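Reader: I have not seen this structure before. Please take me through a few of its parts.

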Amino acid sequence: MNDDRAGKGELLDHGRSGVLGLGTTLRWFHDPLAVMGRLADEQGPVAGFRIGMFPAVLVTGPEQIHEVLVSRATEFRRARAVTGTLWPALREGLIISEGEVHRSQRAMVAPLFTARRVPKYVDVMATRMQAHLRRWQAVGEIDLLAGVQAMMHDVVAGLLIDEPLDDHLDVVDAATRIFDWEMRAMSRPIVAPLNIPTKRNRDFIQDLALVRDWAARMIDARRRNPDGQDDLVSALLAQRDRDGAPMSEDRLVDEVINLWAAAHETSADAMFWTTYALSRHPDIAERAAAEADRVLGGATPTAADLAELPYCLQVFKESMRLYPPSPAFLREAACATRIGDYSIAEGTIVFVAPYVMHRSARQYPDPATFDPDRFAKEADRSWERLSYLPFGAGEHVCIGSALALLEGQIFTSLLLSGGMVRIDRDVAMKLTINLRPKREARAVYTPRKQAAHRDRSRIEVSEPR
C-alpha cells in the first residue's frame, strides 16, 4: 500500500478503491485468486477490503507475513470461521488446535517428522508410488487428480499403519468424503450447519463415525501387539508429554485423522500440480528424466539416492512456488494491533497469501516462468527464508515439510523415470481450502524408451554418480 494513496496508520478506503462490500463478496467467492492478485497490485503488501459486512486484510509481503505468522503471532489467532467449520472432523489435532493444547500435541508429534527421521519412510513411499504409476500406464488415460489422491491415500496408509489399503477401502471412501465436505464447507458462502439433517450432513456424520472407529481400532491393535511395529500409529503410542503421560485415546484418534488429512490432501495436490507443470514444460521434464535415468536406472529410489537427485527436488519446489497446495492461511486479529504501519481492528479477518507473494515480481524475477533453477544449490537463495512459504511459518508451520519434500522428490523421479505425462488442456486453478484444478485433467502416462533402464548393479559399477 503506497503512502501517497493512504496515510500511515489507516487502510485504503474501500469506496475510493472501487472495491465495495457486496461486489467484493461476490467476486471473492467466484474467483478469490483473481481478487487477491488485484488487491495486492492496487494496494500493496497490506490491502484492506470487506467480505460482506466483515473487515478483512490481505497480506502478501514477506516482512508483513512474517509479522502475522511469527514475530507477532500471539496477536493473530486461527480464524474462528475456519476452526468452527473444521472442528467436527479435526477436533483437537494439530491442524486447528491452539494454545497449550497445540504446543503439547506438537511436542509429541513433531519428533516423528524430523529431517533425521523421515528417510526411514522412503521405501514405503517409493514402493507404493511406483505401484500406482504402473497402474496409470496399464490403464492408459486417467483422471489425474483422482489418481494422485488414490496414490497418496495408499502412501499415507503405509506410513500410518503399514497395511495394504485393500483391507480398508470403506474407510478410504469415507475419509475422501469427509475431506470433500471440509473443502465444500470452507469454499461456500452458505453451508447448512451440521445440526440440520441434510443428506450431505447425515452422510458426513456417518462417515466420521466410521473413520474414528477405524482409527480407534488401529490404535488398540497396536497397543495390544506393540512388538515389531514401525508405523506412525505405533510411534504415537510411544510418545510422552513433559510429565511422562501418553496421549489420551481421543487425542490419539484426533491426531491420526489430522495426520491423514494433512498428509493426503496437500501432498496429493502438490503431486497433481507438479505433474501438470511437467506436462506443460517438456524440456524441463526431459532434463529431470535424464537425472532420474542416470541415478536410478529404472530402479526404485532409496534414501541414499536422493542426494543425487537435486534437479527433481528443484522441480518439486518450483511447482510449490507457482502452485502452493495451501495458497492462503486465515488468521483473525485477536486484539487491536498493527501490520507494518497499518492499524488493524480486533476481529479483522487476515488472509495471508503465499500464492500471491510467490507470483509477485517484487519477490521473484520473471515470476510467471516455471524455472526450477531458482532452487539450484549454486543460485542466490537469500529470498527463500521469507518469500517462499509453501508450508507456512511460525508456531503452526507444517511439521511434515521434510516428509513432503521427500515425497515430492521421490514422486518426480519415479514419474519421469517411468514415462512421460501428456495433458492436452489448461485446467486453470480454483481456491477451496487447497489449490485445485478448475477443470478435470485427463492425463495419458506413456512409457519412455530408456537406455538407462538396465540392471542397477551394472550402472553402479560402470557409471560414476
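Author: The expected span of a helix is 1.5 Å times one less than its number of residues. The model discussed here is predicted.

Reader: What span does helix α6 reach from its first C-alpha to its last?

Author: Helix α6 covers residues 122–139, which is 18 residues. At 1.5 Å a residue the expected value is 26 Å, and the helix comes close to that, reaching 26 Å.

Reader: Which residue follows α6, and is its phi positive or negative?

Author: The phi of the residue after α6 is near 100°, so by sign it is positive. That residue is Gly140.

Reader: Which buried residues of α6 are among those touching the most other members of the largest nonpolar core?

Author: The buried residues of α6 include Met125, Met129, Leu133 and Trp136. They are covered by elements including α7 (144–160) and α11 (249–280). In the core of 125 residues, those that touch the most other members include Leu58 and Trp260, and from α6 Met129 and Trp136.

Reader: Which element gives the most to this core?

Author: The contribution in question is 16 residues. It comes from α11.

Reader: Which strands are the edges of the open sheet?

Author: Five strands make up the sheet, in the order β1-β2-β8-β5-β3, with mixed pairing. An edge strand here pairs on one side only, and this holds for β1 (46–51) and β3 (76–78).

Reader: Which residue in β8 stands opposite Val59?

Author: Strand β2 (residues 54–59) pairs with strand β8 (residues 349–352) in the parallel sense, over four bridges. Opposite Val59 in β8 stands Val352.

Technical notes:
Residues numbered from 1 in each chain as written. Predicted model: local features only at pLDDT ≥ 70, side-chain atom pairs only at ≥ 80, totals over all residues. Heavy atoms only, no water. Helix = DSSP H or I, 4+ residues; strand = E, 2+ residues; numbered from the N terminus. Buried < 20%, exposed > 50% of the residue type's maximum accessible area, 1.4 Å probe, protein only. Contact = heavy atoms within 4.5 Å. Core = buried A, V, L, I, M, F, W, Y, C linked by side-chain atoms within 4.5 Å. Pairing = 2+ DSSP bridges.
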